[in-house]
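I opened this notebook to record what I looked up about charged side-chain pairs and about one helix. The entries follow the order in which I worked.

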Amino acid sequence: TPVLPNSGHPESDPWLDTAKKELPDDTTNTIVTARSMSCWTALLLAQEKKFRKIILIAPSTPSKEWYDGFGREGWADAEKEIAVAFFGEKEDSLDFEKIKENVAEIVVYLSTDDPYIPQEATQKYFEKYLPGARVIVQRDSGHFDVDHGYKKFPALFEEIVSSVRTDLRPLPESDLPVILPDDVDFKPTGESPLNYSKSFNDGVG
């Protein structure tokens with residue numbers, strides 16, 4: 001795990017350089033985990049290198065809602081200046097197509113009561129720019145820190161050791177509910193009946 005420099009006043013380039021030094025030459029079977037602002041560093045890495053999986057925990061993103069949070073009590077203007085310098089003011093500054101090409105699977109953990117990361121806005125951010133990401137929303141997990149009981153994170157370990165399923169992709173909430181087709185017989189055959197539904201597969205394509 002790299003120790004990212006100057007965490008009290010983070011800068012994007014030094015964090016990125018530090019992370020790069022920890023990576024092997026061949027990263028195609030590498031899993032990267034990151035939390036909070038370092039999630040942006042992980043995504044910057046993914047513009048350049050191929051990874052098996054990236055797991056982003058409570059990721060900071062340069063969405064309008066996140067920047068608006070700096071107006072709340074306890075968030076100083078100086079902190080917003082640091083954030084703008086770190087992320088930039090444009091929310092779409094990353095090469096998202098390259099990230100999708102380079103990473104077999106992206107997993108995002110969000111909490112319903114994170115004091116720093118707006119859950120709904122961040123979820124919509126990933127649905128917009130990285131719609132293949134699997135977003136996991138947990139109740140009352142705060143910022144996934146020790147204060148909220150995250151000295152250990154068993155679910156994260158399970159996610160790290162689990163197989164990557166590139167054939168499974170989450171549906172955005174806007175596409176729910178999924179209506180099952182009526183042009184197929186749902187009898188057990190050992191295969192998904194949806195494989196035989198022309199109307200369903202035409203819609204998926």
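The entries below cover salt bridges and then the burial pattern of a helix.

**Entry 1. Model and count.** I note at the outset that this is a predicted model. I asked how many salt bridges the rule gives. The count comes to 9 salt bridges.

**Entry 2. Glu91 and Lys128.** I looked up the pair Glu91 and Lys128 and found their side chains joined in a salt bridge, with 3.4 Å from N to O. Glu91 sits in the loop between helix H4 (77–87) and helix H5 (96–102), while Lys128 belongs to helix H6 (residues 119–129), so the salt bridge ties together parts that are 37 residues apart in sequence. I then checked accessibility. Glu91 has a relative accessible area of 24% and is partly exposed. Lys128, at 55%, is exposed.

**Entry 3. Lys100 and Glu97.** I turned next to Lys100, which forms a salt bridge with Glu97; their closest N and O atoms are 2.8 Å apart. Where do Lys100 and Glu97 lie? Both are in helix H5, 3 residues apart, which is about one turn of the helix. I recorded 37% relative accessibility for Lys100, which counts as partly exposed. For Glu97 the relative accessible area is 54%, and this residue is exposed.

**Entry 4. Arg134 and Glu105.** I found a salt bridge between the side chains of Arg134 and Glu105, at 2.9 Å from N to O. This pair links distant parts of the chain, since Arg134 is in strand S4 (residues 134–138) and Glu105 in strand S3 (residues 103–111), 29 residues apart. Is Glu105 buried or exposed? Glu105 has a relative accessible area of 8%, and because buried means under 20%, Glu105 is buried. Arg134, at 28% relative accessibility, counts as partly exposed. I also traced shared partners: salt bridges join Lys53, Glu105, Arg134 and Glu159 into one network.

**Entry 5. Helix H1.** Which residues of helix H1 (residues 12–21) are buried? I listed Ser12, Trp15, Leu16 and Ala19 as the buried residues of H1. These residues cover an arc of only 100° around the axis, and therefore they lie on the same side of H1. I then examined the other side of H1, where Asp13 and Lys21 are exposed.

**Entry 6. Recap.** I close with two points for reference. The salt bridge of Glu91 and Lys128 connects a loop to helix H6, whereas that of Lys100 and Glu97 stays within helix H5. Glu105 is buried and takes part in the network with Lys53, Arg134 and Glu159.

Notes
Residues numbered from 1 in each chain as written. Predicted model: local features only at pLDDT ≥ 70, side-chain atom pairs only at ≥ 80, totals over all residues. Heavy atoms only, no water. Salt bridge = Lys/Arg side-chain N within 4 Å of Asp/Glu carboxyl O. Helix = DSSP H or I, 4+ residues; strand = E, 2+ residues; numbered from the N terminus. Buried < 20%, exposed > 50% of the residue type's maximum accessible area, 1.4 Å probe, protein only. Arc of directions from axis to C-beta.
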